Every structure is written in C-alpha cells, then in structure tokens.
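Welcome, and please open the model in your viewer. We will go from stop to stop, with something to select at each one.

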Amino acid sequence: MVYITRKENFCAAHKLSIDKWTDAKNQQTFGKCANKNWHGHNYELIVTVKGIPDKETGFVMDLSQLSRIIQRQIIRKVDHKNFNLDVGFMKGIMPTTENITVSIFNELKKYLKKAKLHSVRLVETGKNSVEYFGEQKFSKIQ
Ligand code: NI
C-alpha cells in the first residue's frame, strides 16, 4: 500500500461555547476560542489517501484530482465561512478541531473511489493539530 498526501489551506471563523454555561465557565474551558464575537484561524488541511499505484500511470491517485475533490467538497464550503453558522456539514456540531476533522473525513470519504481515505489532519495553529483515521463511526458529534 502506498500513501499519498495533499495539503490545502483555508481560513474560517468559529466560537466554542455552551449556551447553558456561564461566560466565565466558557472562557475557562475554551479560552480564546470562546470569544463572544467570533474569531478566525488559518487552517491547514492535510489529506492522505492510500492505494496501489496504477500499472500504467504509476499513480495511486492523481494528486491534482485529489486537490479538486478537496477544493470542491470542503474548501469551497468552509473558506472564509463561520463554522457555527455557515457550514452545512457542521450544523449542530461544536466546531472544535476534533469535530471539524471527523466531519471533513466523513464528507471526503464519500467522494473517493479509486484510492481509500487514510487520514485527515487539521492544523489549527502552529502548536495544535488533530488527526483522524476513521476508526470510529460518529453518527452525531456534539
Ligand atoms: Ni478558535
């Protein structure tokens, strides 16, 4: 099995808070991400797919095709958008990096046919990132 990886970037806003909690508790739990009037991150989205290289082309999958799928199915829907308000596949889901990563994995796997989705890694800041390999099925993430 050979693993190939494509990196894309997007910018998006979010807010992490639980309505029934006090502002102080939200602030204490979610820190800067609890900011009342939203805030943004410059995300890096790193997608790895796996497969057997094609005998003729030598490709597991054409990386420009993988890029087009990521652009069309994810980036177009999230770039310069608000995860709490604008993104259909995040509706009702707390937009932590964990939940965004799992949701992107679950979206992307629908559109990959020849190569199999191996992992999605989402870098939120230079210091924080989340990776998901699809081990568990989440019917509803909160
Ligand atoms: Ni944040």
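Are C33 and H39 buried or exposed? Select the two residues and look: C33 is buried, and H39 is buried too. Keep in mind as we go that this is a predicted model.

**Stop 1: the nickel ion**

Keep C33 and H39 selected and add H14 and H41, so that the protein donors of the nickel ion are on screen. The histidines H14, H39 and H41 each offer their NE2 atom, while C33 offers SG. These donors lie 2.0 to 2.1 Å from the ion. Now check the geometry: the angles among the four donor atoms are 92 to 128°, and the site is tetrahedral. If you follow the donor residues in the sequence panel, you will find the spacing H-x18-C-x5-H-x1-H.

**Stop 2: the whole chain**

Zoom out and switch to a cartoon view. You should find three helices and five strands, arranged along the sequence as β-α-β-α-β-α-β-β. Along the principal axes, the C-alpha atoms fill a box of roughly 60 × 25 × 25 Å. The chain has 142 residues, and 45% of them count as buried.

**Stop 3: the nonpolar core**

In soluble globular proteins, nonpolar side chains tend to be buried together. To see the largest nonpolar core here, select F10, L45, V49, M61, F83 and L108, the residues with the most contacts inside it. The core has 31 residues in total. Strands β1 (2–14), β2 (39–51) and β4 (116–123) each give two or more residues to this core, as do helices α2 (63–78) and α3 (97–108). Colour α2 if you like, since the largest share of the core, six residues, comes from that helix.

**Stop 4: V102**

Next, pick V102 in helix α3. Why does V102 count as buried? Its relative accessibility is 8%, and buried means under 20%. Then draw a distance from V102 to L122: their C-alpha atoms are 9.6 Å apart in space, and the two residues are 20 apart in sequence.

**Stop 5: the largest pocket**

Rolling a probe the size of a water molecule over the atoms shows where empty space is left. For the last stop, turn on a surface and select K15, S17, N84, M94 and P95, which lie nearest the centre of the largest pocket. They are among the 14 residues that line this pocket, whose volume is about 250 Å³. Colour the lining by class and you will get eight nonpolar, four polar and two charged residues.

Definitions and conventions. Residues numbered from 1 in each chain as written. Predicted model: local features only at pLDDT ≥ 70, side-chain atom pairs only at ≥ 80, totals over all residues. Heavy atoms only, no water. 1 Å grid on protein atoms, 1.4 Å probe; cavity = no way out; pocket = protein on both sides within 12 Å on 5 of 7 lines; lining within 4 Å. Points joined across faces, edges and corners; volume = space filled by probe spheres on them. Nonpolar A, V, L, I, M, F, W, Y, C, P; charged D, E, K, R; others polar. Donors = N, O, S within 2.8 Å, 3.2 Å for Na, K, Ca; no water. Tetrahedral: all angles 85-135°; square planar, octahedral: opposite > 155°, others 65-115°. Buried < 20%, exposed > 50% of the residue type's maximum accessible area, 1.4 Å probe, protein only. Core = buried A, V, L, I, M, F, W, Y, C linked by side-chain atoms within 4.5 Å. Helix = DSSP H or I, 4+ residues; strand = E, 2+ residues; numbered from the N terminus.
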